[in-house]
Amino acid sequence: MKLSDTIAAISTPYGKGGVALIRISGAEALDVGDRIFFSSSEEKLSKKEKGRMYYGEIRIDGDSVDDVMAVYFKGPNSFTGEDTVEITCHGGILVTQKVFGAALMAGARAAEAGEFTRRAYINGKMRLSEAEALGNLLEAKSDTQMILARNGMRGGLADRTEKIYLSLRETLTSVYAAIDFPDEDLSEMSRDEICETVRDSLENIRRLASTYGTGRAVNEGIPTVICGRTNAGKSSVYNRILGYDAAIVTDIEGTTRDCLKESATLGKTLLRLCDTAGLRETDDVVESMGIERTKAEMSQAGLILAVFDGAKPLTDEDRGLIDYVINVLDTPTVALINKSDVSEHCDMKFITDTFENTLRVSAVSGEGFSELGELIDRLFIDGDIDIKNDAVVSGARQYASLKLADEALYSALCDLEAGIPLDLCCVAIESALSYIGEVDGRELGEEIVSEIFSKFCVGK
């Protein structure tokens, strides 16, 4: 990827539509625009007012391809921070490709995935966490995800980490000045004041990191296993949460042989659902393999929805599941007593006495599922966090950097309080500063930055 190149891409989804957008960015973007765009007055785009849209046509070798609208943004006042031309043409597949091809023939090269956003990051138009939030916005599948992404794009997380970063950097500067020039009395901070700064920074890092539970629940999702004995209604619960019939539901026992996986939002929490084979003793080789996979998924789950048939008494298989969940696993669990729309024969008291979280639901009528969403939100989302305005850590990469910064700062604080020489204490503070810088890409390796932007679509 040569960032000095002028790039072009189709920035709207591929296919038929009312209009399509071709974006051109780079030092020669205006020259490329002038070579292919001709206004109704035959005046070049470079002679037009910046930031205004003009009507004209795209021509290739003198032949008109399409009537379009074009606008020129002069850097740094553009999304990428570079000179940018955006052309809006008709949205047919062939005509869009023709206009895009004209831009390439005029001197641009095809952009790589996420290259426009990466240039915006490199040119200081957005910080790395803001760019990641933009990626989350593009992938958002719920209102809550969209709200969280918009919050990140406004820089809440970036502003919080920058404040901590600058405070620690100022401390290091003061300490190193005193070390390098001991006779000049340049240090403005005593050891106690340095301890206080490090302690405050550590507390701020921990508060910020604690928001990841909420950010993860909304953005990345909770691995959720739906389990229970055969014909308890697991697949019906799975279909009800998804909102459509993804799993086959029959009266025949053992219909589900493998793990079915889809994601859905319930309440504010994204659930990475796994519908599993019924747990029971069986001689069927294929079903036995499914049951082993069920247990493997349960061991890695972040949430278990244990489904019981409310229309029948508890069986040995039910009790075996209860014993396995309670005594073997250490996973948040919600017991769902299904088929609340029919007469109840299940031992409700035994289940409610055993599980902290129990709900009566009907996968047929939908009864109890709104309450299930509220319950799951209470388990995974911090009600004290305002995801619209508060800084929230929403990605595993950001969280990992903050946890490493936590460890480094704690080590530095222990050394400072133990009276270790300041120059040795500063080694750990420097490490913490580096980890905090990683959250917004100040000190992040090229390989990781490339990986982040490779997940974006071409044209963004």
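In which helix does Thr 197 lie? Thr 197 is found in helix α7, which spans residues 191-209. The structure shown here is a predicted model, and this residue offers a convenient place to enter it. Because buried means under 20% relative accessible area, Thr 197 counts as buried at 14% relative accessibility. Once its neighbours within four places in sequence are left aside, Thr 197 is in contact with Ser 167, Thr 171 and Met 189.

From this residue, the view may be widened to the whole chain. The protein chain contains 16 helices and 13 strands. Of its 460 residues, 49% count as buried. Contacts between residues at least 6 apart in sequence may also be considered: 67% of them join residues at least 24 apart.

The first sheet to be examined is an open one formed by 7 strands, with mixed pairing. Read across the sheet, the order of the strands is β3-β4-β5-β6-β2-β1-β7. At the edges stand β3 (37-39) and β7 (109-110), each of which pairs on one side only. The edge strand β3 is joined to β4 (residues 53-60) by 3 bridges, and the two strands pair in the antiparallel sense. Within this pairing, Ser 39 stands opposite Gly 56 in β4.

Two helices that pack on this sheet may now be described. Helix α1 (residues 29-36) touches β2 (19-25), β3, β4, β5 (63-73) and β6 (84-90). The direction of α1 makes about 65° with that of β3. Helix α2 (residues 93-105) also packs on the sheet, where it touches β1 (7-10), β2, β4, β5, β6 and β7. The direction of α2 makes about 175° with that of β1.

The next part of the account concerns helices that pack against one another. Helix α4 (residues 128-139) and helix α5 pack at an angle of about 155°, and their axes are 8 Å apart. Angles over 145 degrees count as roughly antiparallel, and α4 and α5 are therefore roughly antiparallel to each other. Their crossing is left-handed. On the α4 side, the residues that meet α5 are Ser 129, Glu 130, Ala 133, Leu 134, Asn 136, Leu 137 and Glu 139. On the α5 side, the residues that meet α4 are Gln 145, Met 146, Ala 149, Arg 150, Gly 152 and Met 153. Sorted by class, this contact of α4 with α5 has 6 nonpolar, 4 polar and 3 charged residues.

Helix α5 (residues 143-153) also packs with helix α8 (residues 212-220). Here the angle is about 125° and the axes are 9 Å apart; α5 and α8 are therefore oblique to each other. In this pair, α5 passes α8 in a left-handed crossing. Thr 144, Gln 145 and Leu 148 in α5 meet Gly 215, Val 218 and Asn 219 in α8. The residues of this contact divide into 2 nonpolar, 4 polar and no charged.

Which residues of α8 are buried? They are Tyr 212, Thr 214, Gly 215, Ala 217, Val 218 and Asn 219. Just after α8, Gly 221 takes a positive phi of about 95°.

A further open sheet, of 6 strands, has the order β9-β10-β8-β11-β12-β13, and its pairing is mixed. Strands β9 (260-266) and β13 (358-360) stand at the edges, each with a single partner strand, so one side of each is left without a neighbour in the sheet. From one strand to the next, the twist averages 25°. Strand β12 (residues 333-338) runs parallel to β13, to which 3 bridges join it. Leu 336 has Leu 359, in β13, as its bridge partner. Helix α13 (residues 369-380) packs on this sheet, touching β8 (222-228), β9, β10 (269-275), β11 (303-309), β12 and β13. The direction of α13 makes about 85° with that of β9.

The account closes with Cys 414, whose place is in helix α14 (residues 396-417). Cys 414 has a relative accessible area of 32% and is partly exposed. How far apart are Cys 414 and Cys 195 in sequence, and how far apart in space? The two residues are 219 residues apart in sequence, and 9.2 Å apart in space from C-alpha to C-alpha.

Key
Residues numbered from 1 in each chain as written. Predicted model: local features only at pLDDT ≥ 70, side-chain atom pairs only at ≥ 80, totals over all residues. Heavy atoms only, no water. Pairing = 2+ DSSP bridges. Helix = DSSP H or I, 4+ residues; strand = E, 2+ residues; numbered from the N terminus. Axes fitted to C-alpha atoms, helices over the stretch in contact; angles between N-to-C directions. Contact = heavy atoms within 4.5 Å. Buried < 20%, exposed > 50% of the residue type's maximum accessible area, 1.4 Å probe, protein only. Parallel < 35°, antiparallel > 145°, perpendicular 65-115°, else oblique. Left-handed = near helix turned anticlockwise from the far one by under 90°. Nonpolar A, V, L, I, M, F, W, Y, C, P; charged D, E, K, R; others polar.
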